[in-house]
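Student: Hi! Could you walk me through this model while I have it open?
Tutor: Happy to. Let's take a look.
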Amino acid sequence: MKMGAKDTAGLETESSTEEDLEQPSPLRKIISVASIAAGVQFGWALQLSLLTPYVQLLGIPHKWSSLIWLCGPISGMIVQPIVGFHSDRCTSRFGRRRPFIASGAALVAVAVFLIGYAADIGFKMGDKLEQTPRVRAIGIFALGFWILDVANNTLQGPCRAFLADLAAGDAKRTRVANAFFSFFMAVGNVLGYAAGSYTNLHKMFPFAMTNACDIYCANLKSCFFLSITLLLIVTVTSLWYVKDKQWSPPPVNPGEETTKSVPFFGEIFGAFKVMERPMWMLLIVTALNWIAWFPFLLFDTDWMGREVYGGSSEGDDRMKKLYNQGVHSGALGLMFNSIVLGFMSLGVEWIGRKVGGAKRLWGIVNFILAIGLAMTVLVTKLATAYRKTAGPYAGPSPGIRAGALSLFAVLGIPLAITFSIPFALASIFSSSSGAGQGLSLGVLNLAIVIPQMIVSLGGGPFDALFGGGNLPAFIVGAIAAAISGVLALTVLPSPPPDAPALKSGAMGFH
């Protein structure tokens with residue numbers, strides 16, 4: 001069969017384009033895709049710092065506010081694997097990853113609108129401003145919150161996979177891609193927490209404040225305006241600039257198809273039957289570690305507003321103002337936490353060698369976490385004692401505030417290790433046992449999402465049993481961190497001497 005010159009030229013162009021996509025991509029394209037992490041993490045930082053207090057201002061009691069976070073582990077356990085599975089097999093002409101990244105960004109925009117305008121929509125639907133709880137606003141907020149979590153999970157997995165595609169199997173380029181992804185996550189964290197700590201952001205958007213939306217609500221709305229603007233800019237730029245190869249399924253014999261079509265979730269739960277002891281020990285230590293972390297991660301800014309500043313989301317206007325000041329101060333503490341986390345992440349490998357290995361480093365920082373969580377009791381007692389002499393509306397003294405912010409910063413050290421060593425050890429143990437890395441990381445993800453579900457369901461009611469506040473859950477977290485540290489030092493196996501060097505990679509827990 002003969003082809004004309006035009007057809008031949010077309011084939012040559014298509015072939016050369018495909019060959020280019022099979023080679024590691026230029027660094028500028030990898031940086032462009034990695035920058036999407038800054039937009040994602042900006043919104044995630046706002047979720048962590050502002051949304052638990054805000055839902056209490058809408059009228060949900062403190063003991064039930066943690067339930068809103070159930071979406072994180074559910075979507076992490078269900079949405080991430082499904083999106084990952086289908087993005088590997090997407091045959092769209094726009095590529096495998098770009099349709100999912102674009103869909104995730106669009107969902108974020110919808111979710112941010114619902115969260116930011118929840119009070120306004122609820123008011124239009126019949127909520128009374130002087131009445132709490134504002135049921136309709138809470139319903140709109142919860143819907144937006146859950147959509148936001150699903151959207152973030154839809155974005156992050158394909159974005160990481162897109163970076164792996166661009167690296168094209170080159171080990172050095174893969175490390176560089178992950179390093180830039182972690183860097184932009186840290187940038188997004190710092191920007192998000194900085195925005196959350198600024199109390200006059202609503203002045204940039206005068207229309208944000210309405211009859212139904214007070215200053216705190218307007219600040220939250222303004223933060224999300226900036227978040228979605230950043231996300232859309234980096235996403236549109238990256239998807240326009242970086243090409244994504246269209247995928248075609250390879251030919252499969254009928255006999256092979258039946259043996260390979262095992263559902264992903266079936267593979268994960270089947271892996272427990274053949275899992276070796278090192279991986280079991282890793283799962284136990286990881287689960288305890290996250291039981292320690294989640295109470296603080298979910299209620300840290302609430303703790304600043306409620307216990308350190310002495311405010312209340314249910315009190316009069318002066319108490320609410322004090323509570324909001326504490327929440328914004330907590331967001332500032334989280335910004336310091338992210339800065340320390342970023343610098344600490346750069347030195348994980350070097351510090352691990354100095355202290356005698358990964359498991360010893362993990363054990364040591366778990367004790368730092370336990371001490372840090374226990375210190376929240378001391379800070380709370382000092383703040384309470386200060387208010388007895390200075391008055392209930394005085395807030396904390398400068399020294400107490402500095403101590404609380406220092407606590408946030410110090411906890412960036414163990415958080416950097418939590419975001420790196422467990423995932424590195426899972427890869428190492430899976431390699432030494434011959435298991436698939438993706439499967440092992442999927443199993444490890446269960447050791448993260450199940451503790452989050454436990455804390456989300458039981459954290460608030462448990463605190464209520466001891467009179468409310470956040471300290472009971474923090475104390476349980478301190479105990480869990482200490483046990484995790486002991487187990488990491490005693491029963492967790494050391495990695496093989498020829499294991500690859502540890503690489504830090506910050507990641508969200510949603």
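Student: Let's jump right in. Which helix gives the most to the lining of the second largest cavity?
Tutor: That is α3, with five residues. Keep in mind throughout that this is a predicted model.

Student: Okay, and how many cavities of 30 Å³ or more does a search of the whole structure find?
Tutor: Two of them. The second largest cavity holds about 50 Å³ of space.

Student: Which elements give two or more residues to the lining of that second largest cavity?
Tutor: Four helices do: α3 (36-57), α6 (98-116), α8 (135-167) and α10 (215-241). If you want to select some of the lining residues, they include Gly-39, Val-40, Gly-43, Trp-44 and Gln-47. Further along the chain, Val-108, Val-112, Leu-148, Asn-152, Phe-224, Ser-227 and Leu-231 also line the second largest cavity.

Student: How do the residues of that lining divide by class?
Tutor: Seven are nonpolar and five are polar, with no charged residues.

Student: Switching to pockets. What volume does the second largest pocket have?
Tutor: About 580 Å³. Its lining has 24 residues, and those nearest the centre are Asp-214, Ile-215, Tyr-216, Lys-320 and Asn-324.

Student: Which helix supplies the largest share of the lining there?
Tutor: α14 does, with six residues. At least two lining residues come from each of α3, α10 and α14 (317-346).

Student: And the class make-up of the lining of that pocket, what is it?
Tutor: Ten nonpolar, eight polar and six charged residues. The second largest cavity, you'll recall, has no charged residues in its lining.

Student: Let's zoom out. How many helices and strands does the protein have?
Tutor: There are 21 helices and zero strands. The protein has 510 residues, and 51% of them count as buried.

Student: What about the exposed surface, how much is there?
Tutor: About 22,400 Å², with carbon and sulfur atoms supplying 66% of that area.

Student: What share of the contacts joins residues at least 24 apart?
Tutor: 82%, taken among contacts between residues at least 6 apart in sequence.

Student: Now some single residues. Ala-37, is it buried or exposed?
Tutor: Ala-37 counts as buried because its relative accessible area is 3%, and the cut-off is under 20%. Ala-37 is in helix α3, the one that gives the most to the lining of the second largest cavity.

Student: What does Ala-37 touch, leaving out residues up to four places away?
Tutor: Phe-181, Phe-184 and Met-185. There is also a C-alpha separation of 8.9 Å between Ala-37 and Leu-155, although their positions lie 118 residues apart along the chain.

Student: Cool. And Asp-120, where is that found?
Tutor: Asp-120 is in helix α7 (residues 118-124). Asp-120 is buried too, at a relative accessible area of 12%. Beyond its neighbours within four places in sequence, Asp-120 is in contact with Thr-210, Ala-212, Cys-213 and Lys-221.

Student: On to α10. Why does Leu-226 count as partly exposed?
Tutor: Leu-226 has 26% relative accessibility, so it falls between the 20% limit for buried and the 50% limit for exposed. Leu-226 lies in helix α10 and touches Phe-42, Leu-201, Met-204 and Phe-205, not counting residues up to four places away in sequence.

Student: Val-236 is in the same stretch, right? Which class does Val-236 fall in?
Tutor: Val-236 does lie in helix α10, and at 54% relative accessibility Val-236 counts as exposed. From Val-236 to Ile-101 the C-alpha distance is 9.8 Å, with the two residues 135 apart in sequence.

Student: Back to α14 for a second. What about Arg-318, buried or exposed?
Tutor: Exposed, with 53% relative accessibility. Arg-318 lies in α14, and its C-alpha is 7.5 Å from that of Tyr-393, which is 75 residues away along the chain.

Student: Last one: how far does helix α16 reach?
Tutor: From first C-alpha to last, α16 (residues 358-390) reaches 47 Å, close to the 48 Å expected for its 33 residues at 1.5 Å a residue. Right after α16 comes Gly-391, whose phi is positive, near 110°.

Note on methods: Residues are numbered from 1 along each chain as its sequence is written. This is a predicted model: local features need pLDDT of at least 70, side-chain atom pairs count only at pLDDT 80 or more; totals for chains, interfaces and linings use all residues. Side-chain values use heavy atoms; hydrogens and water are left out. On a 1 Å grid over the protein atoms alone, a cavity is a set of points where a 1.4 Å probe fits but cannot get out, and a pocket is an open set with protein on both sides within 12 Å along at least five of seven lines; lining residues have an atom within 4 Å of a point. Grid points are joined across faces, edges and corners, and a volume is the space filled by probe spheres set on the points. Ala, Val, Leu, Ile, Met, Phe, Trp, Tyr, Cys and Pro count as nonpolar, Asp, Glu, Lys and Arg as charged, and the others, Gly among them, as polar. Buried means under 20% relative accessible area, exposed over 50%, partly exposed in between (1.4 Å probe, protein chains only). Contact means heavy atoms within 4.5 Å. Accessible areas come from the Shrake-Rupley method with a 1.4 Å probe; for residues, only the protein chains shown count as cover. The expected span of a helix is 1.5 Å times one less than its number of residues.
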